[in-house]
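The following exercises concern a two-chain model and are to be worked with the sequence and coordinates at hand. Each task is followed by a solution in steps.

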Protein chains: 2
Amino acid sequence: MKPIKVGLLGLGTVGSGTFNVLKRNQEEIMRRAGRAIEITMVAVRNTERAKDIVKGEVEIVSDGNLVVDHPEIDIVVELIGGNEIAKDLVLKAIANGKHVVTANKALIAKHGNEVFKAAQDKGVMVAFEAAVAGGIPIIKALREGLTANRIQWIAGIINGTTNFILSEMRDKGLDFATALKQAQALGYAEADPTFDIEGIDAAHKLTIMASIAFGIPTQFDKAYIEGITKLEATDIEYAEQLGYRIKLLGITKRNEAGIELRVHPTLIPEKRLIANVEGAMNAVLVQGDAVGATLYYGKGAGSEPTASSVIADVVDITRLASADPEHRVPYLAFQPNALSDVNVLPMSEVFTSYYLRMRVEDKPGVLADVTKILAEFSISIDAMLQKEPAEGESRTDIIMLTHQTQEKNIDAAIARIEALASVTGTVTKLRLEELS
Amino acid sequence: MKPIKVGLLGLGTVGSGTFNVLKRNQEEIMRRAGRAIEITMVAVRNTERAKDIVKGEVEIVSDGNLVVDHPEIDIVVELIGGNEIAKDLVLKAIANGKHVVTANKALIAKHGNEVFKAAQDKGVMVAFEAAVAGGIPIIKALREGLTANRIQWIAGIINGTTNFILSEMRDKGLDFATALKQAQALGYAEADPTFDIEGIDAAHKLTIMASIAFGIPTQFDKAYIEGITKLEATDIEYAEQLGYRIKLLGITKRNEAGIELRVHPTLIPEKRLIANVEGAMNAVLVQGDAVGATLYYGKGAGSEPTASSVIADVVDITRLASADPEHRVPYLAFQPNALSDVNVLPMSEVFTSYYLRMRVEDKPGVLADVTKILAEFSISIDAMLQKEPAEGESRTDIIMLTHQTQEKNIDAAIARIEALASVTGTVTKLRLEELS
């Protein structure tokens, strides 16, 4: 059978990894795919740098349109990232009847519905394993491995930068700014780290997983997103004393009222395997009604780990390229006509547990005032930690873990607590998940 | 499209789980599969018990041949287990042009080559996700998710019974016999636990993973198998003092000389995520050249976790049932004509690190004698632990961790050490893997 022809858009970190892995393992990949896979054209901005990588084996162009319009290319691999140019090229590739592989989480999270509709109309495949959790085959697990299950929830460490920063903060007692600088110096964080540290990257990935898990359209704009920039070393330390680790989790849950879709720093019991995922590693914990909990762990970024997922998608498409579209796995696991538009809950409606830290005067009655307010809001306390004031200090920290309550309820209670004369400043609120 | 028809062979733990999950989640599964999935016939020995489960919705027969011969059945799901009857029925189903799903690890590990050959000739699919690690979609990950990679090694906790026993031994300081009795009382071990505790079950699963990872025929008879029955609580404790946990691992590696295929108790650094997999849970760590290490964790047994994998296979087959065979994923990940019969190494040829425990007289020169022998065999010591003799004792334990050496080399050194007058009894040898 003649080789399947692949055009690459972009030859940066992931693009060069894809080129190199495909070349290095070509014989073994062909033994799996049953057909040779050839990169025949690469579109890049910097054609000089590209020459060093492809060494004359592939045609290099500077206009992506030449790739998506090329009549002999079967699969377009989009590794440009970002929104506008990538989206235009992907839609054009689809319109030209090409299958598409992309690592672009923003594209799928924000424009997935439009992209899949176009692909469905043209009968082509769009695969995006590399868009979530780098080299971990989590899309395949959710979309194919767990099809028997009613998925109940997913909780994932799906941003390596923030997990690296949080690991360093805990390990070395660093504050956020110092840990961020270290991460930048080591190449784990970009010069402009906003997308990572503000939780946007994680929310893109979470949005995609939620769609596949629950059979709903992608709804990035409804995600609640809170990053790690305001997290203090002191809370990491208190959490540890209470037996918890703080991780930036993407959490999506299905309950009777709707779908939760939220990214925020989260306390999780240190005994959970996922609490022990350190450094830049990623892990996704999935709860299904039949299988129970399964966890998927690996490198969430990097040249060759991400290339591993890109190429797996190319192999999948190679196997199914000439098959009838009905034999293919649906884009979002559920058949396009079987998606259901379930409500995504605003954060104020979500039920979870909480970690509260407040600075109080060390005198009788303060704790009684605080607990009375919590009782009025029917919030029960699961654990408490009160430190002796430091030498010469008249104030001290109280830390409380609550049982489950609704976000708007805890917020109302916090407002009342902050109004107490004996409480100084604001109350620090973090969310806590048992993940069991 | 009309429903796909499924016939079940067996309605025990996994069979009833499969029936119940398919029924409970039928609407959601159909939304994924694009087609209804119907169990139309069940073959069981005890038809009375079966009636309680299927409640008149399915035809119950006592002869499996009626299922595999039934003209309207598309997929035969074999959940009888064991060898002879299961094998005959599976081969007959294939001969009749049915697709087959099986949870039977012994069947695939021992007769996989014959089964796949027959299936290939008839153009039908044989799927066996449930045969390895219960509900964890590890077969799919290896076969499809990691196709870009040259797999370097796999190390798995793939038997829940033994992991439960080892966890109890460590947690509570129990000896093997007591922990086994507890496991039996709690239903984690069978009345005849031989298959589990002797490592045979793990070796079946490892054999299957090795074939998929490396593209080799199944070669169960060449696996090295050592169970946990001789493991002493004292070694678990010493290992812990040195920063290691002992797990029954299935390990398969590819190196220049051939394939390693071995099941044995193994020391692993406690910092590794897989070292913290406790109780009856399973986990598989896979090292690929592009993706690096990925880990897959979940329930390795039980009614609904295993059913989860059975049904995922049924959904996969439903999607591809009417597709051309060339569009399907190969049975063992590699195209049938692209398997390579790489040599499986005998254990004596394997290189690994070792834990040695010996009982010695507490007098000058003993350690010098032992280390001199190790030096003669070019075995270098990575760590050592020597305890003061107990009150009134003239003997003490020496524990050594070695760097990598070949198994036949360490065995020769041990024979020399055991011949020393100052060494009492035999030297306990356990293998150690860094898994990095």
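**Exercise 1. Determine whether A:A133 is buried or exposed, and describe its backbone and its place in the chain.**

Solution. The model is predicted, and the values used below are computed from it.

Step 1. The relative accessible area of A:A133 is 0%. Buried means under 20%, so A:A133 is classed as buried.

Step 2. The phi angle of A:A133 is positive, at about 60 degrees, although the residue is not a glycine.

Step 3. A:A133 belongs to the loop that runs between β6 (126-127) and α7 of chain A.

Step 4. A:A133 is also one of the residues that A:I138 touches, once residues up to four places away in sequence are set aside. The others are A:E129, A:V132, A:M209, A:V284, A:V286 and A:Y296.

**Exercise 2. State which residues touch the most other members of the largest nonpolar core.**

Solution.

Step 1. The largest nonpolar core comprises 169 residues.

Step 2. Within this core, A:I138, B:F128 and B:I138 touch the most other members.

Step 3. Another core, of 72 residues, lies apart from it; A:L8, A:A130, A:I311 and B:A103 are among its residues.

**Exercise 3. Locate A:A333 and B:S422 and decide whether each is buried or exposed.**

Solution.

Step 1. A:A333 is placed in the loop between α13 (303-320) and β13 (351-361) of chain A. Its phi is positive, about 75 degrees, although A:A333 is not a glycine.

Step 2. With a relative accessible area of 0%, A:A333 is buried.

Step 3. B:S422 is found between α15 (407-418) and β17 (423-432) of chain B, in the loop. Its relative accessible area is 7%, and B:S422 is therefore buried.

Step 4. The contacts of B:S422, not counting residues up to four places away in sequence, are B:R359, B:V360, B:E361, B:K363, B:V366 and B:D369.

**Exercise 4. Give the strand order of the open six-stranded sheet in chain B and explain why one side of each edge strand lacks a neighbour.**

Solution.

Step 1. The order in chain B is β3-β2-β1-β4-β5-β6, and the pairing is parallel.

Step 2. The edges are held by β3 (59-61) and β6 (126-127) of chain B. Each has a single partner strand, so one side of each is left without a neighbour in the sheet.

Step 3. In chain B, β5 (residues 99-102) pairs with β6 in the parallel sense over two bridges. B:A127, in β6 of chain B, is the bridge partner of B:V101.

**Exercise 5. Find how many cavities of 30 Å³ or more are present, and describe the linings of the largest and the second largest.**

Solution.

Step 1. The count is three cavities of 30 Å³ or more.

Step 2. The largest cavity has a volume of about 60 Å³. Its lining consists of B:L166, B:S167, B:R170, B:I236, B:R245, B:I246, B:K247 and B:E278.

Step 3. In chain B, α8 (160-172) and β9 (244-255) each supply at least two residues of the lining of the largest cavity. That lining divides into three nonpolar, one polar and four charged residues.

Step 4. The second largest cavity holds about 50 Å³ of space. A:P137, A:K140, A:A141 and A:Y296 line it together with B:P137, B:K140, B:A141 and B:Y296.

Step 5. The elements giving two or more residues to the lining of the second largest cavity are α7 (138-145) of chain A and α7 (138-145) of chain B. The lining of the second largest cavity divides into six nonpolar, no polar and two charged residues.

Terms used:
Residues numbered from 1 in each chain as written. Chains lettered and ligands numbered in written order. Predicted model: local features only at pLDDT ≥ 70, side-chain atom pairs only at ≥ 80, totals over all residues. Heavy atoms only, no water. Core = buried A, V, L, I, M, F, W, Y, C linked by side-chain atoms within 4.5 Å. Buried < 20%, exposed > 50% of the residue type's maximum accessible area, 1.4 Å probe, protein only. Contact = heavy atoms within 4.5 Å. Pairing = 2+ DSSP bridges. Helix = DSSP H or I, 4+ residues; strand = E, 2+ residues; numbered from the N terminus. 1 Å grid on protein atoms, 1.4 Å probe; cavity = no way out; pocket = protein on both sides within 12 Å on 5 of 7 lines; lining within 4 Å. Points joined across faces, edges and corners; volume = space filled by probe spheres on them. Nonpolar A, V, L, I, M, F, W, Y, C, P; charged D, E, K, R; others polar.
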